[in-house]
Amino acid sequence: MSDVVILGAGPAGLTLGCYLAKAGISSVILEKAHHPRPHVGESLMPSTVRVFREIDFLPIMEAAEFPRSGGIVYHPRGRKSTPIAYAEFPQDGVDQAYTYHVDRSKFDMLLLKHAESLGCQIVQGATAREVLFDEAACVTGVRVAVAGQEIVVPARIVVDAAGRGTRLGRQLELRRDHPVFDQFGLHAWFFDVDRGKRNTADYTHIFFIPELRGWAWQAPINSEITSLGLVADKGIYQESGLSVEDFFTKALGHNAALAKATRGAKRLNDLKGEVNYSYQLEQVCGNGWIAIGDAARFIDPIFSSGVGAAMHMARFAAERIQAALESGDVSRATFLPYEDKVLTDAAIWDDFIRLFYRLLPSFTHVVESPRHRLAVLQLIQGEVHSDSYAPILDEMRSLVTSVERADDHELRGELMEFPRR
Ligand SMILES: Cc1cc2nc3c(=O)[nH]c(=O)nc-3n(C[C@H](O)[C@H](O)[C@H](O)COP(=O)(O)OP(=O)(O)OC[C@H]3O[C@@H](n4cnc5c(N)ncnc54)[C@H](O)[C@@H]3O)c2cc1C
């Protein structure tokens with residue numbers, strides 16, 4: 001019997017495998033696809049660098065020569081853009097002022113090879129069909145489809161790292177859709193995108209598109225190819241009556257900076273659609289199981305937080321799994337500190353993103369405030385696990401409330417309404 005079976009070889013599952021291997025714990029990672037496989041999620045937060053360093057992956061990232069990302073530029077519609085350099089806020093355990101944009105097929109493949117080199121056993125083309133439980137509702141293993149047959153892989157602990165399919169969330173009916181956000185994504189790679197000023201050309205660029213209750217991103221994949229993506233409200237798309245292609249093309253014209261960047265752009269692959277968000281599991285651990293990364297929760301990726309959050313969840317989950325195996329107690333009680341942390345962080349992000357959407361200028365307001373700027377930078381760099389977020393959220397909330405109360409407020413027209421799902 002394997003001590004730990006991990007479902008999914010994405011950033012969450014592979015990072016967990018690396019942390020466990022470094023702690024002397026062996027794991028089996030089951031992956032339904034065959035790497036290299038494409039994936040959305042190409043701009044990484046600076047906090048990922050801490051994890052790369054801890055799992056000895058940083059030299060591999062440097063050797064891979066991915067484009068370096070020195071910051072983010074926000075382009076509100078009709079107002080001047082706000083650049084933020086990661087160097088402005090040094091983080092513990094991160095001694096470089098940049099992170100990376102990655103071609104995920106290459107990045108995930110490199111991480112997989114690294115996990116294997118540390119001793120993880122990885123089986124590709126293996127789809128987890130069902131997590132198995134005994135009468136006491138404790139995990140006993142996984143039913144897996146592999147090489148045309150179904151087999152049972154016994155395990156003491158199963159980790160769901162299978163992404164937005166939420167393997168365990170669906171099986172145990174723990175998945176709850178977000179009460180407000182009902183969006184989808186469209187993205188592709190392009191040649192000849194005008195990346196703007198030279199000093200911020202390799203930053204992540206975020207363009208606000210309030211009429212679609214969404215936004216778009218621009219991120220370099222290499223010196224010639226740029227990833228462009230759109231996140232928009234599903235209801236608005238359905239009402240538009242447009243084809244996906246036309247909806248995407250029209251969206252590029254909704255923000256002047258985006259229109260300028262994409263005027264001469266030529267698409268080099270098919271538009272890819274992303275559904276299945278936003279949601280959270282009501283419970284992210286149980287007797288003999290833990291969910292990490294997108295398998296635990298997913299919220300609008302506007303701050304490029306997904307991969308960083310997935311890796312940090314893997315980091316915390318590894319600590320609890322080690323404690324469980326050392327004590328022999330793999331019950332939910334042992335994993336609860338992990339759940340507390342994940343649900344607390346998720347609540348902070350949720351609050352932040354709701355305020356952000358309700359009144360987009362509330363974000364620019366705190367970013368441009370000398371009192372709050374550093375704390376905001378800390379938050380959007382993936383440092384959710386800190387106490388400094390409360391004053392930012394209070395400040396944003398107070399601006400939103402004052403705009404809601406005053407019919408003649410200059411920002412009144414910028415309040416965004418979201419129908420409940
Ligand atoms: C539109 C959009 C834009 C985004 N932009 C960014 C961004 O710029 N930066 C960022 O950090 N994040 C971004 N994200 C989020 C990012 O894609 C995810 O948060 C990240 O990939 C999560 O990693 P993961 O390992 O949890 O899941 P995944 O990367 O999805 O990996 C899960 C793995 O599990 C495998 N799997 C699935 N089901 C099974 C099964 N039953 N059995 C075995 N294996 C299985 C899958 O094949 C996959 O390899 C974006 C997401 C979207 C939708």
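**The ligand shell and the second largest pocket**

In this predicted model, the ligand is surrounded by 33 residues, the closest of which are Glu-31, His-39, Ser-43, Asp-294 and Val-307.

Q: What makes the pair formed by Arg-104 and the ligand a polar contact?
A: A polar side-chain atom of Arg-104 lies 3.0 Å from an oxygen atom of the ligand. The cut-off for a pair of N or O atoms is 3.5 Å, so this pair counts as a polar contact.

Q: How do you know that the backbone of Pro-11 and of Ala-12 also makes polar contacts with the ligand?
A: A polar backbone atom of Pro-11 is 3.2 Å from a ligand oxygen, and one of Ala-12 is 2.9 Å from a ligand oxygen. Both values lie within 3.5 Å, and therefore both pairs qualify. The protein buries 94% of the 1,000 Å² that the ligand exposes when taken alone.

Q: Which elements give two or more residues to the shell around the ligand?
A: They are helix 1 (11-22), strand 2 (27-31), strand 8 (126-133) and helix 9 (306-327). By class, the shell comprises 14 nonpolar, eleven polar and eight charged residues.

Q: Why are His-75 and Lys-197 called lining residues of the second largest pocket?
A: Lining residues have an atom within 4 Å of a pocket point, and His-75 and Lys-197 are among the 16 residues that line this pocket, so the term applies to both. The pocket has a volume of about 370 Å³.

Q: Which element gives the largest share of that lining?
A: Helix 8 does, with three residues. The lining divides into five nonpolar, seven polar and four charged residues.

Methods:
Residues are numbered from 1 along each chain as its sequence is written. This is a predicted model: local features need pLDDT of at least 70, side-chain atom pairs count only at pLDDT 80 or more; totals for chains, interfaces and linings use all residues. Side-chain values use heavy atoms; hydrogens and water are left out. A residue is near a molecule or strand if one of its heavy atoms lies within 4 Å of it. A polar contact is a pair of N or O atoms within 3.5 Å; within protein, one must be able to donate a hydrogen and the other to accept it, and residues adjacent in sequence count only if both atoms are side-chain atoms. Accessible areas come from the Shrake-Rupley method with a 1.4 Å probe; for residues, only the protein chains shown count as cover. Helices (H or I, at least four residues) and strands (E, at least two) are DSSP runs, numbered from the N terminus. Ala, Val, Leu, Ile, Met, Phe, Trp, Tyr, Cys and Pro count as nonpolar, Asp, Glu, Lys and Arg as charged, and the others, Gly among them, as polar. On a 1 Å grid over the protein atoms alone, a cavity is a set of points where a 1.4 Å probe fits but cannot get out, and a pocket is an open set with protein on both sides within 12 Å along at least five of seven lines; lining residues have an atom within 4 Å of a point. Grid points are joined across faces, edges and corners, and a volume is the space filled by probe spheres set on the points.
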